[in-house]
Amino acid sequence: MKKRQLAVGAGAVALLGVTAVAGATAVSARPEAQVRPQARTQAQTQAQTQARAGYSKVQIVVGPTSESGKDSAAVCPDGMAVLNGGFQSRSYSKSGGGEPYDAIIVDAPTKDGKGWWAQELHGQVQARAVCVPQGEAPQVVVGPVSGENSDSDAYCPSGTAPVGGGFVARSWYKNGWGESQDDTLANAPTASGSGWFARLFAGKVEARALCA
């Protein structure tokens, strides 16, 4: 990983239960039950199509743009659940010389399968969810929190396989000036096709699989 030479002000940063300390940042994400419910009503764009890709209904939900260092949740409408999702960065922190010192620390389905969740270390982000009728949606499986620089594996139930997935950083290393010293090394299906796995360069992570 390329080392970043940055100059930024020191100080504590609070984000989704993240407390900045010199050396490591411990990420203790608040329960998804506390993710802002207004994400559904604040969705800025929704597109809906019929009979696409074998699903009776597909709807794209765009979550609100987060505050700096906070989370964004794109919540599916009632009767629908998440099929997949992603994020769009709306601001990305960088040094005076233009070098980035930000990172995506959450890009994953919510535990209850009702939407997609995203967060940046410092900047603003917007989550996006692909929603389908609940009976047609994959099951969300949450893997264990890994050790530092170790894999987290979310294994699908017997008879199912991963159709998507994501990760939630549970700790993220940065220096006393707030510069990111960590990175995502893996966020992918397992080679065997049995689930989804994730790994960070230094910190702890939780993999999440969408199984069908």
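**Figure 1. A left-handed disulfide joins Cys76 and Cys131.** The torsion about the S-S bond of this pair is about -85°, so the disulfide is left-handed. The link belongs to a predicted model. The two sulfur atoms lie 2.1 Å apart. Distant parts of the chain meet here: Cys76 sits in the loop between β6 and β7 (80-91), and Cys131 sits in strand β10 (residues 124-133). The two cysteines are 55 residues apart. Both Cys76 and Cys131 are buried. Both also appear among the residues with the most contacts inside the largest nonpolar core.

**Figure 2. A disulfide ties Cys156 to Cys211.** The S to S distance is 2.0 Å. The torsion about the S-S bond is about -75°, so this disulfide of Cys156 and Cys211 is left-handed. Cys156 lies in the loop between β12 (152-155) and β13 (162-169). Its partner, Cys211, belongs to strand β17 (residues 205-211). The pair links distant parts of the chain, 55 residues apart. How exposed or buried is Cys156? Cys156 has a relative accessible area of 12%, so Cys156 is buried. Cys211 is at 3% relative accessibility and therefore also counts as buried. The cut-off for buried is under 20%. The structure holds two disulfides. With bonded cysteines counted along the protein chain, the pattern is 1-2, 3-4.

**Figure 3. Six strands build an open antiparallel sheet.** The strand order is β6-β9-β8-β13-β17-β11. Which strands form the edges? They are β6 (71-75) and β11 (139-145), and each of these pairs on one side only. Neighbouring strands of the sheet are turned by 20° against each other on average, direction ignored. Strand β17 of this sheet carries Cys211. The loop between β6 and β7 carries Cys76.

**Figure 4. Strands β8 and β9 pair through five bridges.** β8 covers residues 104-109, and β9 covers residues 115-120. The two strands run antiparallel. Asp107 stands opposite Ala118 in β9. In the six-strand order, β9 is followed by β8, and β8 by β13. Both β8 and β9 are among the elements that give two or more residues to the largest nonpolar core.

**Figure 5. The largest nonpolar core gathers 34 residues.** In soluble globular proteins, nonpolar side chains tend to be buried together. Which residues have the most contacts inside this core? They are Cys76, Val82, Ile105, Ala129, Cys131, Trp172 and Ala209. The elements that give two or more residues are β7, β8, β9, β10, β11, β13, β16 (195-200) and β17. β17 gives the most, with five residues. A second, separate core has five residues, including Val58, Leu83, Val132 and Ala137.

**Figure 6. Three strands form an open sheet in the order β12-β16-β15.** The pairing is antiparallel. The edge strands are β12 and β15 (184-189), each pairing on one side only. The twist averages 5° from one strand to the next. Four bridges join β12 to β16. Within that pairing, Ser152 has Ala198 in β16 as its bridge partner. β16 is also listed among the elements giving two or more residues to the largest nonpolar core.

**Figure 7. Asn149 has a positive phi.** The value is about 55°, although Asn149 is not a glycine. Where does Asn149 lie? Asn149 lies in the loop between β11 and β12. β11 is an edge strand of the six-strand sheet, and β12 is an edge strand of the three-strand sheet. Asn149 has a relative accessible area of 31%, so Asn149 counts as partly exposed.

**Figure 8. The whole chain has 17 strands and zero helices.** The protein chain has 212 residues, and 49% of them count as buried. Its accessible surface comes to about 9,400 Å². Carbon and sulfur atoms account for 51% of that surface. How many of the contacts between residues at least 6 apart in sequence join residues at least 24 apart? In the protein chain, 70% of them do.

Note on methods
Residues numbered from 1 in each chain as written. Predicted model: local features only at pLDDT ≥ 70, side-chain atom pairs only at ≥ 80, totals over all residues. Heavy atoms only, no water. Pairing = 2+ DSSP bridges. Axes fitted to C-alpha atoms, helices over the stretch in contact; angles between N-to-C directions. Buried < 20%, exposed > 50% of the residue type's maximum accessible area, 1.4 Å probe, protein only. Contact = heavy atoms within 4.5 Å. Areas by Shrake-Rupley, 256 points an atom, 1.4 Å probe, with all protein chains shown as cover. Disulfide = S-S within 2.5 Å. Core = buried A, V, L, I, M, F, W, Y, C linked by side-chain atoms within 4.5 Å.
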